[in-house]
Amino acid sequence: MRVHIIYTGGTIGMVDSPHGLVPGADLEGWLAVLLADTSLEHTVSVTSLEPLIDSSNATPSSWQAIVDDLRTHAAADPQTAFVVLHGTDTMAYTSAALSYALTDLTTPIVVTGSQLPLGFLGSDAAANVTGAVRAATSGRAGGVSLFFGHRLLAGNRATKSSSWAFTGFESPNTAPLAIVGAPWQWAATAPTGTGWKNTKPYTRHDVVVIDLAPGITAKRLGALLTPPPEAVVLRAFGVGNIPSREPGLTDVVEQVIAAGTAVIVTSQCHESEVLLGRYESGDALARSGAVGSRDMTLEAAYAKVQFLLSQGLRGVELAQWMGRSIAGELRE
């Protein structure tokens, strides 16, 4: 099986500069040495997207550039497996976004990167890239996954948990797909969801993410939502609770929903399942017309909102789709 690697930028290929780390490593030469005398020698091709970016600069347009390159190479050779090299800061957003847009592809896509550049002594780059390539060619991986720190995670179930640890990412609400060892330990195949036919390209939409905190007022929340965005991801407490006794707070939510804005409630907890109505302070949100994100990560929920808006969904219709699995991003 051939492997096509898409290099988007990120720490893995960075070098020192007077202003900090910037893309500039000889990635293709490094890969050639890494795979020399292995079964994959001469079977790997590489695309470097332009411009290479620090993933903190990624946008939905960046996601679409990756989708376009993947589709081009999949059409040329449907048996090709894919590895996407990406910066860690927004890797979980991108892997979730790819999972929604590419449910029709039959070959695996594995996203990876590193905490240290490939030229640094002790870097995790080689372990992550070889692990991602092995997962992509294993015949066991499907859809979009994320390989990091000796674990293979479902791409739309992962979240960045550390900026320094070589594990780096966690999948808080579902088990890893595989754990590296001798041999690898594989879990059951991840759920796939309903899929999406005839996907339209990602375009950037006005989606705001707001963290609630003790003491927030209706006036402040209203100011943050004026003018109303296309959608709101509201990060609440626990299983979706808000300061329901704060005068006028839920009125603000009702007003933006009436204006056509979808309000999606996620949790600030690392491990959680949003259950609006379990507590009185969450029932207020449910009665206002907001919907919970179930057990999706923030990254999966945000990317899903951008995806649904790009497909032309708005308001209530968008909100209803948040509770339905497109690519296995939530437990139904």
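In this predicted model, the salt-bridge count comes to 11. One of these pairs is Glu170 with Arg151, whose closest N and O atoms sit 3.2 Å apart. Glu170 belongs to strand 10 (residues 169-170) and Arg151 to strand 8, so this pair ties together parts that are 19 residues apart in sequence. Another salt bridge brings the side chains of Asp295 and Arg157 together, at 3.0 Å from N to O. In general terms, side chains of opposite charge can pair when their charged atoms come close.

Arg151 is a handy place to start on the strands around it. Strand 8 (residues 151-154) pairs with strand 7 (residues 144-148) in the antiparallel sense, over 4 bridges. Within that pairing, Arg151 is the bridge partner of Phe148. The hairpin made by strands 7 and 8 has 2 residues between the strands, and Gly149 there takes a positive phi near 60 degrees. His150 is also in the loop between strand 7 and strand 8, and its phi is positive too, at about 70 degrees, although His150 is not a glycine. Strand 8 also pairs with strand 11 (residues 178-179), again in the antiparallel sense, this time over 2 bridges. Here Arg151 turns up once more, standing opposite Ile179 of strand 11.

These strands are part of a wider arrangement. Strands 7, 8 and 11 sit in an open sheet of 8 strands, ordered 4-1-5-6-7-8-11-12, with mixed pairing. At its edges are strand 4 (44-53) and strand 12 (185-186), each of which pairs on one side only. Elsewhere in the sheet, strand 1 (residues 3-9) and strand 5 (residues 81-85) run parallel and are joined by 5 bridges. One bridge partnership in that pair is His4 with Phe82 of strand 5.

Two cis peptide bonds are worth pointing out along this stretch of chain. Glu50 and Pro51 are joined by one, with omega at about -5 degrees, and Pro51 is found in edge strand 4. A cis peptide bond also links Ala182 to Pro183, with omega at about 5 degrees. Pro183 lies in the loop between strand 11 and strand 12.

A further open sheet has 4 strands in the order 13-14-15-16, and its pairing is parallel. Strand 13 (207-211) and strand 16 (291-292) are the edge strands, each pairing on one side only. Inside the sheet, 6 bridges join strand 14 (residues 231-236) to strand 15 (residues 262-267). Arg235 stands opposite Thr266 of strand 15. As for helices, helix 6 (residues 249-258) contains Ile257. Leaving aside residues up to four places away in sequence, Ile257 touches Val263, Ser288, Gly289 and Ala290. Ile257 and Leu313 are 56 residues apart in sequence, with 14 Å between their C-alpha atoms.

Stepping back to the whole chain, the domain assignment gives domain 1 (3-186) and domain 2 (207-323). Their centres, taken over C-alpha atoms, are separated by 31 Å. In terms of contacts, 16 residues of domain 1 meet 14 residues of domain 2. The size of an interface is often given as the accessible area lost when the parts come together. For these two domains the buried area is about 1300 Å², with carbon and sulfur atoms giving 61% of it. On the domain 1 side, Tyr93, Tyr100 and Asn173 lose the most area to domain 2, together accounting for 44% of what that side buries.

Polar links cross the interface as well. The count is 5 residue pairs in polar contact between domain 1 and domain 2, and the rule finds 1 salt bridge across the interface. On the side of domain 1 that touches domain 2, at least two residues each come from helix 2 (60-76), helix 3 (91-101) and strand 9 (159-160). Helix 3 gives the most to this side, with 6 residues. By residue type, that side of domain 1 divides into 10 nonpolar, 3 polar and 3 charged residues.

How values were computed:
Residues are numbered from 1 along each chain as its sequence is written. This is a predicted model: local features need pLDDT of at least 70, side-chain atom pairs count only at pLDDT 80 or more; totals for chains, interfaces and linings use all residues. Side-chain values use heavy atoms; hydrogens and water are left out. Domain bounds come from an automatic or database domain assignment. Contact means heavy atoms within 4.5 Å. Buried area is the accessible area (1.4 Å probe) that two parts lose on being put together, summed over both. A salt bridge is a side-chain nitrogen of Lys or Arg within 4 Å of a carboxyl oxygen of Asp or Glu. A polar contact is a pair of N or O atoms within 3.5 Å; within protein, one must be able to donate a hydrogen and the other to accept it, and residues adjacent in sequence count only if both atoms are side-chain atoms. Ala, Val, Leu, Ile, Met, Phe, Trp, Tyr, Cys and Pro count as nonpolar, Asp, Glu, Lys and Arg as charged, and the others, Gly among them, as polar. Two strands pair if DSSP finds at least two bridges between them.
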